[in-house]
Amino acid sequence: MHFPLIPGYETHDGPTTLGRLWARPDGFYPTSLWPEAELLRICPEPTGWLTIEEYFHRTNGIYGGTHCIIIDAESRDQVLQSGTGWSGQSEIGRVEVWNDETFSDGLSASHDLEGSLAFFSAVREHHRFVNPTFEITPTFLWYWDAFPSNGGWSYFDSAGRSVELIRIAISMDEWKVEVSALEMRTFLAASGRELLVQKDYTLLTTDKIAPFRRVEDKHRTPWSHFDWFAMEDERSSETTAFSNVMGKYIVTGTVTARVRRVDTRKEDKNYIEYIHAIDPRTGNMSLHTCNPDMLGDYGDSSRMHWMTPVYFSREVLNRYTSEPHRYKVTAGHIWCLDLWGLDISTNTAGLVEVYLGELGRLPEGEQVHWRAYNVPPEGEMDEGRFRRDFLNQSIGSPDPAGDLRRARRRAAEVTTALLGSPVWRDLDPQAATEFEALVGPANNDPAALTAPTITLTKSLVDGIDPAPLKKYLGGNEPGEKSIALLRRLLLSLGDTQDSAEVFAALQAFRSAGGVAHLGGSKANAARVRLGIEGMSPSDAFAHMTVALTKALNRVADLVEENAATSAAEST
């Protein structure tokens with residue numbers, strides 16, 4: 001009977017580990033003293049997470065540690081045959097001035113094995129004054145262009161997504177540091193060196209046992225040297241017997257599937273085919289590669305033009321709008337940090353529009369993402385984009401969210417001149433990021449309106465600062481809050497349109513419309529008040545954005561008109 005390979009339950013054909021190669025020695029010692037689980041984790045070709053630094057003392061009867069250094073590949077045999085004790089322990093990771101006044105910087109061994117040993121990582125203790133700290137050779141971090149992340153280090157892949165590189169868990173009494181094995185092996189292959197992983201584990205038992213004679217065994221392979229023994233413990237009042245396994249093994253380098261972002265540019269790139277039209281005769285979808293080398297331009301009519309538009313459902317944007325710290329999305333562009341960008345637009349059918357050749361510039365993983373949302377053409381190109389790109393005319397495209405952000409900044413600046421500080425105060429970093437990333441619903445699921453509505457309310461209602469309003473108006477009436485204060489300010493400036501109403505309606509919609517709380521009997525009235533009853537999420541967002549922009553600009557106009565009138569009167 002043939003079973004698939006299930007991680008953790010392999011019975012054969014698993015990876016080469018010391019636990020598979022080293023048979024349990026004969027003897028009458030307790031079976032719990034044989035470190036089978038620990039030996040199964042010792043592998044010269046790891047593919048998961050590799051422990052590089054470790055220290056622990058567990059209550060279940062085991063304590064020990066792990067430490068790593070780098071060695072030259074040609075010195076492997078010499079290092080392994082030097083014994084199972086840890087290599088470089090007296091020099092690597094510590095500064096020494098020897099009797100002959102030789103200065104050792106701790107980065108390499110100046111006496112041991114002719115300098116073939118080098119520092120890779122360490123956890124350094126500080127006399128229990130502060131928690132121990134983890135240190136690693138900068139070369140490894142530089143190689144992967146790594147950056148600190150929660151609980152360790154990460155790096156960006158070719159698409160700009162974070163990949164976990166190092167995991168760190170350190171306390172005063174124990175620690176464990178792991179590195180992603182594939183990245184480790186790719187680094188080793190590039191540097192032409194090998195990683196020496198050194199282990200020292202002790203297992204204890206408190207069970208009542210029959211007396212037994214000391215048992216010893218050793219195991220040697222071209223990539224590992226380990227010694228083990230088990231014996232009774234006559235000195236302890238609780239422990240009846242213990243065992244110890246100590247040794248070292250090699251992790252070799254190889255070019256794995258994990259490569260640096262800079263190296264992916266040197267590899268042959270696969271290009272995706274996208275739907276760009278419908279064959280009117282057969283009704284089949286017409287596909288074409290986005291490979292720039294297979295696309296033409298204005299002077300080459302033999303190949304499809306690289307500016308052929310390709311269409312996508314708006315759901316394609318969800319990946320980017322959900323991570324505003326990594327991606328910036330506007331009406332006309334997507335940026336991933338400073339790693340890549342893509343020009344986009346929205347056509348008259350509400351589809352995201354991208355030129356075929358632009359897609360070919362994306363990282364391969366991003367091309368796959370966009371292909372999943374590729375749809376047949378529908379609607380017409382945004383007029384502004386057509387006139388810019390094909391008629392060389394300087395003209396904008398609709399950008400409701402951008403218009404709203406500009407209107408907020410204008411209202412804040414103008415009210416500062418009148419009140420001494422802005423009515424719409426600076427947002428906290430998280431709220432500011434969300435507001436700057438605001439693009440609206442990516443689909444027509446009613447829930448898609450929730451997050452944009454909350455962002456609008458936080459930025460434009462919660463963002464109102466009542467303090468300058470109270471000061472200018474000479475105080476506030478009982479129960480008079482920020483929107484009421486704003487309304488009274490605008491009335492004093494001659495507002496006849498109740499420009500503050502849209503902010504009150506937005507606040508009511510968040511509270512009663514099923515956005516921040518469960519929608520109740522007042523939900524429909526809240527939608528009606530805001531003017532979005534019966535609208536799709538996309539249309540509702542557009543309506544709210546336009547109304548809020550108009551209100552903000554009306555506030556700014558009123559303040560500026562008042563300032564101009566006052567200036568004229570004083571003259």
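Start by selecting Tyr298, Phe386, Phe390 and Leu391: together they make a nonpolar surface patch of about 420 Å². Keep in mind as you click around that this is a predicted model.

Now pick out phenylalanine 386 alone. Is it buried or exposed? Phenylalanine 386 sits in between: it's partly exposed, because its relative accessible area is 38%, and "partly exposed" covers the range between under 20% (buried) and over 50% (exposed).

Next, widen your selection to residues 383–391. That's helix H10, the home of phenylalanine 386. Follow H10 and see what's beside it: the helix lies across strands E22 and E23, running at about 5 degrees to E23.

Those strands lead you to a sheet. Select E22, E23, E18 and E24, in that order, and you have an open sheet of four strands with antiparallel pairing. Which strands are at the edges? They are E22 (345–346) and E24 (374–375), each of which pairs on one side only. Strands of a sheet pair through backbone hydrogen bonds.

Zoom in on E22 and its neighbour E23 (residues 352–355). The two run antiparallel and are joined by two bridges. Show threonine 346 and you'll find valine 352 of E23 standing opposite.

For the last stop, jump to strand E16 (residues 273–278) and strand E17 (residues 285–289). Five bridges join this antiparallel pair. Select glutamate 273, then look for its bridge partner in E17, threonine 289. E16 and E17 form a hairpin with six residues between the strands. Finish on glycine 283 in that hairpin, where phi is positive, near 80 degrees.

Methods:
Residues numbered from 1 in each chain as written. Predicted model: local features only at pLDDT ≥ 70, side-chain atom pairs only at ≥ 80, totals over all residues. Heavy atoms only, no water. Patch = residues over 30% accessible without salt bridge, like charges linked within 9 Å, V, L, I, M, F, W, Y side chains within 5 Å. Areas by Shrake-Rupley, 256 points an atom, 1.4 Å probe, with all protein chains shown as cover. Salt bridge = Lys/Arg side-chain N within 4 Å of Asp/Glu carboxyl O. Buried < 20%, exposed > 50% of the residue type's maximum accessible area, 1.4 Å probe, protein only. Pairing = 2+ DSSP bridges. Contact = heavy atoms within 4.5 Å. Axes fitted to C-alpha atoms, helices over the stretch in contact; angles between N-to-C directions.
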